[in-house]
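Let's work through some exercises together, one step at a time. Have a look at the structure below, then try each task before you read its solution.

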Amino acid sequence: MATASTMKAVYYHKPRDFEVREVPIPQINDDEVLLKGHEIVGEIVQVGKNVAGFEKGDRVVGDPSVLCGACFYCRRGEALLCENYKGVGVSLHGGFAEYVVFDGKKLYKIHNLTDEEATLIEPAACAVHGMDKLDAPVGVEALIIGSGPTGLILAQLLKLNGAMRVVIAANKGIKMDIAKQLEAGDEYIELDRENPDAQWAELKKKNPYGFDVVVEATGSEKIANEAIHYVRRGGTLMVYGVYDNAAQVHWPPAKIFVDEIRIIGSFAQTFCFPRAVAYLDSGKIKVKGLVTDVYPVAEFEKVLEKMRSKTAVKIAVKP
C-alpha cells in the first residue's frame, strides 16, 4: 500500500521484463507540475511557481516529446528530427505510475473528454502531423491499411479535411468493429487473418487506378512491401506504422520513377497537441470505444497479456 510519500510505478528493463516498484513520489522544480494520473492524463496536484495558466485540480494531458533546441535540426526549425529527441515513458520516466512530473509548457487542459478518451490525444497529435505531411488536396481517394487507434483517427481527419472517399482495410476483428462504430471510413475491407489474398485482389479489381493516398499503418514488413501497388500514378504512400528495425522493403524504382510516386514517413509529432485537443475535446473526432480495457498499475502484466491476445484496441493504465 502506497503512503503519502511513495507511489507504485512500472519499471521496464527490456521488452517483457518489468517490475512494479514502490518508489518516492517525484519532486517538481519551479517550471514543472505534479500530476496524479495515467498515460500522461491526469489532475494537477502541485504547481511550480513559474508555471502560468494552470492550477491545482485542472485536468490536463501532457505532450511527451522532449526536444533539446540546440542540435543541428532544432536550429534549422526541424524539431521533430531532434538528434537528442526524448520521449516521456520511452527514454524518460513515464506515465505508468501514480504520479508524474511534467514541464508546464507541455501541458494542455481538457474539459469534455473522460480520462480514458483523453489517452487518445497523443495518437491524435501524431495523426495531425501525418495530415501535415500528406498535404493532400481536396477530393482525394485514400486507403488506410490498418485499424489501430492512430490510423482510425487519421481516417477521420481525412474525411473531415477534404477526402472524397476513405477506405479502411484491416484484419477482421474488434478493431474493425470499432472502426465501423466510429464511422471512421466510407468503406471497410475486412481481411481474413489467415488468407487475405482474395480480398486484396478484389480491392485491386474494384480500384484499378488505385488511390491518391495510401497509408501503411500496420507495421507489417510484408504489407509495407505490397502497399505501393495500391498507389495511383502521381499518388503518395505514407509509411505510418512502427516496424522492426530489421524490416526491409523492396519497391521497384522504375515504378516510383515512371508513376512519380511520392513516398513519405510520418514519425511522432511536435507542436500538434493544440489541434489534437481541439478535435477530440470538441467531439469532431470520435474516440468513444477505442479504449477497450482499463487496468491499475499493479496489474501491468495483465495489460501485456491482453495486448498479446489481440482482443483489445487501446488499454489505459490507471493509478
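## Exercise 1: Two helices that cross

Helix 2 passes helix 8 in a right-handed crossing. (Crossings are right-handed if the near helix is turned clockwise from the far one by less than a right angle, and left-handed if anticlockwise; helices are DSSP runs of H or I with at least four residues, strands are E runs of at least two, and both are numbered from the N terminus.) This is a predicted model, where local features need pLDDT of at least 70, side-chain atom pairs count only at pLDDT 80 or more, and totals for chains, interfaces and linings use all residues. Residues are numbered from 1 along each chain as its sequence is written, and side-chain values use heavy atoms, with hydrogens and water left out.

Task: find the angle at which helix 2 and helix 8 pack, and which residues make the contact.

Step 1. The two helices pack at about 115°, and their axes are 8 Å apart. (Axes are lines fitted to C-alpha atoms, for helices over the stretch in contact, and angles run from 0 to 180 degrees between N-to-C directions.)

Step 2. Helix 2 is therefore roughly perpendicular to helix 8, a label for angles of 65 to 115 degrees; under 35 is roughly parallel, over 145 roughly antiparallel, and the rest oblique.

Step 3. Helix 2 brings I121, E122, A124, A125, V128 and D132 to the contact, while helix 8 brings F273, R275, A276, V277 and L280. (Contact means heavy atoms within 4.5 Å.)

## Exercise 2: The largest core

Task: work out which residues touch the most other members of the largest nonpolar core, and why this core lies between the domains.

Step 1. This core has 50 residues, and V61, I121, L154, L158 and V215 touch the most other members. (A nonpolar core is a set of buried Ala, Val, Leu, Ile, Met, Phe, Trp, Tyr and Cys residues joined through side-chain atoms within 4.5 Å; buried means under 20% relative accessible area, exposed over 50%, partly exposed in between, with a 1.4 Å probe and protein chains only.)

Step 2. Helix 2 gives the largest share, eight residues.

Step 3. The core lies between domain 1 (6-122 + 269-317) and domain 2 (125-265) because both give residues to it. (Domain bounds come from an automatic or database domain assignment.)

## Exercise 3: A loop residue

Task: is S147 buried or exposed?

Step 1. Find S147 in the loop between strand 10 and helix 3.

Step 2. Its relative accessibility is 6%, so S147 counts as buried.
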